[in-house]
Every structure is written in structure tokens, then in C-alpha cells.
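Student: I'd like to learn how to read a protein model. Could you walk me through one?

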Amino acid sequence: MDIADFYDTFFEEAEELLADMEQLLLELDVDDPDSEQLNAIFRAAHSIKGGAGTFGFSVLQKTTHILENLLDYARKGELTLRADLVDTFLEAKDIMHEQLDAYRSEEEPDQEAFERICQTLQQIALDEIGASLDAPATPAAQPKATPAASSDTEDAAQSGGNHLVVALLNVNDKDRTLLVEELEQLGDVLAQSGDEKRYEVTLKSSDSADDIEAVMCFIIEPDQIEINAIASVAAEPGAVDAASPEQEAPEAAAAPAPKAPASQPTAEASPAKAAAKEKPKKAAAESSSIRVSVDKVDQIINLVGELIITQSMLDQTVSDLEDQSVGNSSLQNGMSLLQRNARDLQESVMSIRMIPMEFVFSRFPRVVRDTAGKLNKEIELITEGKSTELDKSLVERITDPLTHLVRNSLDHGVEMPDVREAIGKPRVGKLTLSARHQGGNILIEVRDDGAGMDRDRLLAKARENGLNVSDTMSDDDVFQLIFAPGFSTANEVTDVSGRGVGMDVVKRNIQSMGGRVEIQSKLGEGTNTRIVLPLTLAILDGMSIKVGGETFILPLSTVLESLQPSKDDMYAMAGDDVVIKVRDEYLPVIAIHEVLDVENAITDPTKSIAVIVQGEGRRYAMLVDELIGQQQVVVKNLEDNYRKVPGISSATILGDGSVALILDISGLHRLSRLKKEAGKKVVNNQNFSFYKEAETS
Amino acid sequence: MSQANSGAVLTAEAESREFLVFSLGEEEYAVDILKVQEIRGYENVTRIANAPDFIKGVTNLRGVIVPIVDLRIKFHLESVEYGGQTVVIVVNVADRVVGIVVDGVSDVMTLTPDQIKPAPEFGVTLSSDFLSGLGSLDDRMLVLVDIDKLLTSEEMALVDSTSSH
């Protein structure tokens, strides 16, 4: 087994550790830092350093090393924390994250950023405690401050290696073989013996116990390893290594750390009370989840989708048999049981892809802190419904729009602290992020208690921008104006927002996820931006329609109503464009059979059905032959094996096993216009003869 | 593939290769059998609007949406009929699954390198770029189609080309 196989695990763990570190840094009360939190931050840095060193990511290792030393001073009370120091730590964390990304994509990390942050951190050390942090070389830092700093490189240089006894507790044969192979790569295995319960390997290695443990923790849990130094060749570093666990053990005992990093360097402390106190909690948390790649989950979801389709095919066959009175009651019972089980299975499988909104919300304390700092505003962030679950693909795509809305709220919504005080509001503005389920949708809200939106100013600005508005527009419509491209009411463009680019992108992004944005606002009281999203993209509520002999699916969320058009309501415009009057509103008419060239379709509009649809802000009437009904469909990508088709968003498989295409509402609109433009050149008017009659009649 | 290239391939692969032989009208064609995933009947194809005429549409292959191409239309054959004998060869090319409609599948042939002759450069409908050679088998001639190149080519319009969209 090659060490490269562990890279991915390291990257994922390091990412989690960095996220933990950021969260802890943000929660840290600068004036009265909690020692448990400081310890947890230190441990996170320490674990990253260990891993980075093992895998030879030297830049990341050095950065973490310097940060770790500073953190070590901080947790010992030798360094007094200040807000600006925490900011620097956060910056260091960001740079470490960039370095991690660089290593992941097999590139060299940005040298300039690395040098800059090292310099900054060392400057802090010099200024605050008068210590130089160029650690390994400096005697001041090494012996007492950081036992961990005495790791790998210098050990390796000084000594031929330590003699260590690595005991593996309750490790099965397969893992054990892997681990022993791994140990062989780290040093010379001198002896090995024991059984499944306790298997001892005597090793001569130039790596420290910490590093060996860090490598093995990728395979087994820290509390399954016990490393002891024995008569070492170079006595001193060995002694340090052996001592360090003891030193850290009491801290670990004191810190059941709420979000403690997974691989803590506390393993050696097993005899101490630490284990007793921490073990049950940890075991429960870790055994209850496994890491699975998204591909595997998607594969299961696809297979279950297949199962559902097969089941509905069988269902149809059984009911056909019944119609011919050759049904069989046990067959029927079996079918209904199968149906129920298949639905249950589908639901449970879909829930695997669901992840809590916490993944999105957890980045906002940082965003709010940074933005508020830039704007000199004081903001309190409240998050509600962190455990609300949402499809993974949506979670990834909602983060950017949400960040934009939050920034916007902080910039334009919440007033400056002095202004707030003057109008009798608390100095500290309140920003609430909430998520909850509502029907088949998820509702995400960004609420602030700021100035609210000024309807008159929005209207004035809209006129200035040449938008078509009237004073009688509903509040809702007026507020939607902020989503118009290039629209900004900010008096001046700030660093944070105000350029008017963005809000339209936010709206487009959310619409592309099948969602919508609503705004409620009261002048002087605040604004509430609500995002309504479907729970998943994999399943869609559809309306099946028939045109000619072909079946299509319309996303139900786009359908407003359907009606039977009468001749009197249809008007021709400029020859070949047709509009229909629906309750005092004129809507363009698009006949599906024309746009998609369907043969044998009903060409007389009064005999077909007009479905009023809305998508991406466009509303029009779609002429179809027949409405079949509503059904849930499993969305299948057309681009996997084919390509993007204009007017079609994706496909699905119907109960009879045939493929039906899912229509793209705004794509059809574009396609229809393109076709008409092309048609004009060819002089092809026979399809529109009816409308000409309508015009004269 | 140019002549020089196909020559290089021939010398490099001294072993014989297996080909699936299919017919389009009176002509016999063959594809590398390793590209073939399965053979099935022609049924239940959903038309795709505004696509070239040789793209018959998409079908459901055990949950995977697969485009179906009729090579007879693509190669301008005179008679294009769909019946019980009409066969779809499902091939795997460039990480995609595509079905090609042919008049019939006859057999699997093993061709030794010296039985594969370079294709002359003359094709207009079927450019010799899309051929890996001509196979001679007694008095039969097999047109060896380089199915990868053919199906991923721009004129097949099966793959989103970076230039057009």
C-alpha cells in the first residue's frame, strides 16, 4: 500500500480541522479566552502539521508549525490575545487552506503568501513575547514550549532513530497487515508478535511517535494505538516523545471539546482518566457515520430510480391483467407490498444525499465578522434551523447567492451603530439566517432589523434606469426591482456591494436551482429575503402533457394555470406572432408542435389547451393537445450521453419504459423566437393561416 | 486516420483483432468488438426535435438515456426501414453510450493484421478519416469503421463541441 493512498484522507481531514479551527477562533472570547478552546485550536493545528509533515507538504507544515507555536504561547497565557491577532490567525488559516488546495491539485503553494504570513506571525511573536519563532533552530522554543516542535526533521538528523513499541489494540488481521506494512515504510521493524487484542511491533524509526500515530490514524482510531519508547539509541529525543503524551493527557481530560478534531494526539494517554472520560462520547460519534463518495450514493439513487420504474411497469401490467379478469389476488398483494417498499427505499436513499444547512451556515460567522469589520458596523448573527436538511448539490450552489444576500443586508440594510442609536434601535444590528421545511420545499431566510427598503426610492431609481414602472405596482413587484440587472440604490459604491451586479445573478442562480426569491420589507424595521427551493434536483413534480403522439413533462412549479382558449381571446400581432388575453393580460402564445416540430398535433388552437407557464421571469401560454396528469419523475441528464438540446432541460423515464423529455420553459421561448426569425427568411406562413383568419374575424 | 498512421498501427499490433460485422443495405461493415456493449432491437425511441435526421432520438437502456443514430441515413442509403430485423448496436465511445441502427448483425470475425488493408482516400459521405482500414476475407470486403472518431466527430452532432455552443 502506497502512502499516496492516504492523501485524500489527509486532505479531507485537514479541511475539517481547518474548518474547526476557524469556528473555534471565531467563537473565542478575546478578553477572556477559554483554555479548552485554545487547546482545541492548538490541537487542530498540531494534527495538520503532523499530517503535512508525514506527507512531505513542507510549506504547509512550516506555516502550521509557526502558527502552532504562537497558539502554544497563547494557551499557556504567555501571549495575550487581541482581536487583530485573531484576525491574523484567521488569515493564516486561509492561507493554509490555499496551500492545502494547491497540494490537492498537485501544484506548489503560493510562495509569496507563505513568506508573508510567516513573517507576520514571527513579527507577532517578536513584538508580543520577544521570542523568535524560527523554531527548530532556536533553543528558546524547542525544549519547553513545544514538545511537538521537536518532531521529525531534527530528530531524524540527530539520531539514528528511536526504538518504539507500537501496540495495536483490537485491530483485525486485514488492517493489521496494512499497518505493519506502513510501519515498515517508516522504519525498521525489529520484532512483531501478539494477537488481535494486542499486537506489538518493535520499530526502529527516525520519525517521532506523533508522526507514526498520525499516519496510522488514517486507518484506525487513535485509541487503538499505544506507542511507547524503549531504550532509545539517542536518549533525549526519545524521552521528549515519550514525555509529550503525558504532558498532553491532562488537557485532553479537561477538554471533552465540543468539536474536537478527530485525530487528537491523545492516544497514548489511554491509561489516564482521559480515555475513560472521552472514549464513550467519541466512540458514539464516530461509529455512527461513515464517509462515502458521492458517486457511490448517486449510483444507488440511480438504481433505486430504476427499481421504481420497473415497479411501475409491473404495476401497469398487473392492472392490465386485472382488466382482462385474469388477475390473481396474491400477485396483487405482492405488487402493493413491492410498491410500498420501493417508495420507502427511495425515500431513505434520497435522504442520504441530504446534508444539514449547518454546512452552509457555518461559514457565515466569518463572512459577517469580516464584512461588519470592513463597514465598521456591529452585527450579531443568529442562525436558526441549522439541522434542516437539503440536497447536497443544492447546498453547494446556495452558498454563493446566500453570501451575496448577507453582504447586501449588512451593507444596505443594517445602519451604522450611531444612526441606530439615534433612532432608538440597539447599537448592534441583528442578522438572522434561518432554514426550515415548508411542504416539499425548503425556505431559507435572511432577515435584518435594518433600514428596510424605500419603495419610493426604488421606484425613482427604476425610472432613472429607464425601467418601465408605475406607482400602482405591488410592494412585492417593487422590491423585485432590485434583481434587475445593473440596479443599485446605494448612494456610493462600496467595497462590499453597491455595483448592482450580483443581485440579478443571485436571482438567476436561485432560479436555475428551481427556486425563487421573495422580499418582504418594512421601511425602518428591516428586510426579510426568502429563498424557496425544492428539496432535491433528482426528483421533480411534473405535469405530463401530450402533443401529437408524444409525451412531454412540464415542471409543475412553472405551471400557473391551464385553459381552453377561445377564438375571441386570441389576437395576431405583426403577422405571425399571436397573443392571448388572460384576465386583462396579454401573453405570447407558443405552440409546442411548431417549436418542436411534432407531427399529427392539433393545429387549431381552440381545440387545444393553453397552459400558462412562467419561467425566469417570462410568462406565456403554451399550446398543447392534452393534459395527462401530475406525477413525480426521476430527472435524467441528457448530456451524459448526448448533448444539450434547445428547449429541453432533461429527460425522464415513464412507467412504460419510454423516455419523455422535460421541457425548459425559458429555453422554449428562446427557441420559438429563433425559429420565427429563421422562418421569416424562408417565407413559411401556412402554419399561421388560422391566426390571420382570427385577425379578420 | 491517414495511411501512414494506419500503417503504424498495423505494425504495432501484430496480433489479430476481433470485429463485429454488420450490414447496411448490401454493404458489410465492421467495428472493433471491444467497443460493443450489447445488441438490442429497435424500439421505443423518443424523437428529439431540431436534431439532424440521422439522430433518431433517445431511448431508455436500463435507466440510462442513450441517443440512437441511424447510420443508414447518415450514409445516405436508399432504403431505410424499421422492422423486426432492425438492430441497434450499443457502443461505448469516449465515456459515452451510443446506439447505432443497422440493418443486421451477421457475425464476429477475427482479422489478422495482413488481412487489414489501408483505406484509400476517396470517401465523401464516409471520409476515410473515420475508417481504420478495409478487411479482406476471401471474396468479402469489410469496411472497418473507427467508431470512436466517427461518433465524436463534429458532423455527427452527438457531442457538444466547444466551438458551436
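Student: What percentage of the 165 residues of chain B count as buried?

Tutor: Keep in mind that this is a predicted model. To judge burial, you count the other C-beta atoms within 10 Å of a residue's own, and 20 or more makes it buried. In chain B, 33% of the 165 residues reach that mark. For chain A, with 697 residues, the figure is 38%.

Student: How many helices and strands are there in chain B?

Tutor: Chain B has three helices and eleven strands. You can also read their order along the sequence: α-β-β-β-β-β-α-β-β-β-β-β-β-α. Chain A has 23 helices and 22 strands.

Student: What share of the contacts joins residues that sit 24 or more positions apart?

Tutor: Here you take contacts with a sequence separation of 6 or more, and ask how many of them link distant parts of the chain. In chain B, 57% of those contacts are between residues 24 or more positions apart. In chain A, 67% of such contacts join residues at least 24 apart.

Student: Let's try one residue. Is B:Leu151 buried or exposed?

Tutor: Count its neighbours. B:Leu151 has 22 other C-beta atoms within 10 Å, so it is buried. You'll find B:Leu151 in helix 3 of chain B, residues 147-152. Leaving out residues up to four places away in sequence, B:Leu151 touches B:Val93, B:Val98, B:Met156 and B:Leu158. The chain also brings B:Val69 into the picture: 82 residues separate it from B:Leu151 along the chain, yet their C-alpha atoms are 9.1 Å apart.

Student: And A:Arg198, where does that one lie?

Tutor: A:Arg198 belongs to strand 3 of chain A, residues 198-205. It has 13 C-beta neighbours inside 10 Å, so A:Arg198 counts as partly exposed. Setting aside residues up to four places away in sequence, A:Arg198 touches A:Ala167 and A:Leu169. A:Val171 is 27 residues from A:Arg198 along the chain, with 7.9 Å between their C-alpha atoms.

Student: Which residues have the most contacts inside the largest nonpolar core?

Tutor: A nonpolar core is a group of buried nonpolar residues linked to one another. The largest one here has 86 residues, and those with the most contacts inside it are A:Leu554, A:Ile592, A:Met622, B:Val69, B:Ile100 and B:Val145. Take A:Met622: apart from its neighbours within four places in sequence, A:Met622 is in contact with A:Ile590, A:Ile592, A:Ala610, A:Val611 and A:Val613. Another core, of 38 residues, lies apart from the largest one, and its members include A:Phe42, A:Val59, A:Phe89 and A:Phe114.

Student: How many residues of chain B are in contact with chain A?

Tutor: On the chain B side, 22 residues are in contact with 23 residues of chain A. Strand 4 (55-61), strand 5 (64-70) and strand 7 (96-102) of chain B each give two or more residues to that side. Strand 5 of chain B gives the most, with four residues. By type, the chain B side divides into eleven nonpolar, seven polar and four charged residues.

Student: Can we look at a helix? Why does the span of helix 16 of chain A agree with what it should be?

Tutor: Use 1.5 Å a residue: the 22 residues of helix 16 (residues 392-413) of chain A should span 32 Å, and the end C-alpha atoms are 30 Å apart, so the two agree. Helix 16 of chain A also has a kink of about 35° at A:Ile398, shortly before the proline A:Pro401.

Student: Which residues have a positive phi although they aren't glycine?

Tutor: Most residues other than glycine have a negative phi. A:Asp597 has a positive phi of about 50°, and B:His76 has one near 55°. A:Asp597 sits in the loop between helix 21 (592-595) and strand 18 (609-615) of chain A. B:His76 is in the loop between helix 2 (71-74) and strand 6 (87-93) of chain B. A:Asp597 has 14 C-beta neighbours inside 10 Å and so counts as partly exposed, while B:His76 has 11 and counts as exposed.

Student: One last thing: what does UniProt list for A:His46?

Tutor: An unreviewed UniProt entry lists A:His46 under "modified residue: Phosphohistidine". In the model, A:His46 is found in helix 2 (residues 35-54) of chain A. A:His46 is buried because 28 other C-beta atoms lie within 10 Å.

How values were computed: Residues numbered from 1 in each chain as written. Chains lettered and ligands numbered in written order. Predicted model: local features only at pLDDT ≥ 70, side-chain atom pairs only at ≥ 80, totals over all residues. Contact = placed C-beta atoms within 7 Å. Nonpolar A, V, L, I, M, F, W, Y, C, P; charged D, E, K, R; others polar. Expected span 1.5 Å × (residues − 1). Bend = angle between axes of the 7 residues up to and from the residue. UniProt positions renumbered as here; feature names shortened; annotations may be inferred. Buried ≥ 20, exposed ≤ 12 C-beta atoms within 10 Å, placed from the backbone. Core = buried A, V, L, I, M, F, W, Y, C linked by C-beta atoms within 7 Å.
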